[in-house]
Amino acid sequence: MTSTFTDVQLDALRELANIGSGTAGTALSAMLGKPVDINVPKVAALPVPDAVEAVGDPSEPRWAVVVPTVGDLPGHVLLLFPQRDAVRLCELLGVPVDSEDGRSALGEIGNILGTSYINALAQMLGIDTEPAPPMVVCDMLGAILASVLLSGADADVALIMDSALVVEGEACELSFLLLPQGAAVGDLLGRLGL
Amino acid sequence: MEHVVRMGELAVSRAGGHVLSCIGLGSCIGVVLFDRGMGAAALAHVMLPSGAASDATPAKYADSGVPATVRALAAAGARPTRLEAALVGGASMFAMAGGQEIGARNEDAVRATLDDLRIPVVAVATGGSSGRTVRVHVASPGLAPRVTVRDAGGADEDLDLDVVLAAAA
């Protein structure tokens, strides 16, 4: 796998993240009945230790929904919420966060958003990929990211495609990451003719 | 002074009062090695079981990173035959389908390498499903370092390094 990407390649990946998160934002908006804003995605290819720190303070607690992807684009979709935002999101759905129902609701949000994100990419690229069942944890950000990034191939460089979704009028924001596994990134770029 | 040991890195200190730490260990392992006679301690942030390390990440793999940490401690004056180890991390945060979890494989590889080097493991906080932060407070010569472990949102808890282990058969 190449360890660096050209600007053109990163732009193309950013556009992919944009389309994927746009579709996911529409799904979230439909689920909550509220408008959802999407920021410009950040895309970076970094050595794994830097990638972990680029997302945030590794000691910060985060709720995370991990959606593994299988097929032509192996990797993970990762949704991250600070505690406050996880609480608010669960309130909007009418369940307490610190309960089985709360975890289940966050998992379902991950499932719906991850599926719409992945489907948008699959359609655009003409690839066959699908999400596996989501896993929900609340733990230190560094521990979550390192565990996800190291669970697949032994890559020196991690590609992070980071979008934020903001529920309008609510203190509710979530970070949406696509973490393709090593070789999958090359395939992705090949599909785009880059 | 706190020195954060990032993924794949290792650090050695002989300065009493210094703190070496790994923040947010998931499946990674924080390998603490110390020579209590010298007051020397090292912390390595191991990511994977085996492979060839690079200069930037000498402790990335257990099989090459643990010996590299021992060499670094020896270079600082510690006696390899007097080293003791404590292990923190190696959690399985997600129920990944198929195969043994990376956290458990990391712990197995670290233990096997320490075994080869005849370094006893005197304390562990490994496995489970939660992330951990480890801090090694370097002590004066003659004393073991103070090693603390905390979970997300939890408080620092001391690892007991003075447990007398049943003699290995």
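This report walks through a predicted two-chain model, from chain B as a whole to its sheet, the core, a helix of chain A and the contact between the chains.

## Ground rules

The model is predicted, so local features need pLDDT of at least 70 and side-chain atom pairs count only at pLDDT 80 or more, while totals for chains, interfaces and linings use all residues. Residues are numbered from 1 along each chain as its sequence is written, and chains are lettered from A and ligands numbered from 1 in the order in which they are written.

## Chain B at a glance

Chain B has two helices and 10 strands; helices (H or I, at least four residues) and strands (E, at least two) are DSSP runs, numbered from the N terminus. Reading from the N terminus, the order is β-β-β-β-β-α-β-α-β-β-β-β.

The C-alpha atoms of chain B fit a box of roughly 45 × 40 × 35 Å along the principal axes. The radius of gyration of chain B is 15 Å, which agrees with the value near 15 Å for a compact globule of 169 residues (taken over C-alpha atoms; the globule rule is 2.2 Å times the number of residues to the power 0.38). Of those 169 residues, 50% are buried. Buried means 20 or more other C-beta atoms within 10 Å of a residue's own, exposed means 12 or fewer, and partly exposed is in between, with C-beta atoms placed from the backbone.

Contacts here are pairs of residues whose C-beta atoms, placed from the backbone, lie within 7 Å. In chain B, 64% of the contacts with a separation of 6 or more link residues 24 or more positions apart.

## An open sheet in chain B

Five strands of chain B line up as E1-E3-E8-E9-E10 in an open sheet with mixed pairing; two strands pair if DSSP finds at least two bridges between them. At the edges sit E1 (2-4) and E10 (157-158) of chain B, each pairing on one side only. Strand E9 (residues 146-151) of chain B runs antiparallel to E10(B), and two bridges join them. Thr148(B) has Asp158(B) as its bridge partner in E10(B).

## The core and Gly30(B)

The largest nonpolar core has 117 residues, and among those with the most contacts inside it are Leu149(A), Val31(B) and Leu43(B). Such a core is a set of buried Ala, Val, Leu, Ile, Met, Phe, Trp, Tyr and Cys residues joined through C-beta atoms within 7 Å. Its largest share, eight residues, comes from helix H4 (residues 100-125) of chain A.

Leaving out residues up to four places away in sequence, Leu43(B) touches residues including Val5(B), Leu20(B), Gly30(B) and Val136(B). Gly30(B) lies in strand E4 (residues 29-35) of chain B and counts as buried because it has 30 C-beta neighbours inside 10 Å.

## Helix H1 of chain A

Helix H1 (residues 7-32) of chain A has 26 residues and reaches 36 Å from its first C-alpha to its last, close to the 38 Å expected (1.5 Å times one less than its number of residues). Its buried residues, among them Leu13(A), Gly20(A) and Leu28(A), pack against E1 (36-38), E2 (42-47), H4, E7 (157-167) and E8 (173-180) of chain A. After H1(A) comes Gly33(A), with a positive phi near 65 degrees.

## Where the chains meet

The contact takes 20 residues from chain A and 22 residues from chain B. On the side of chain A that touches chain B, the largest share, six residues, comes from H5(A).
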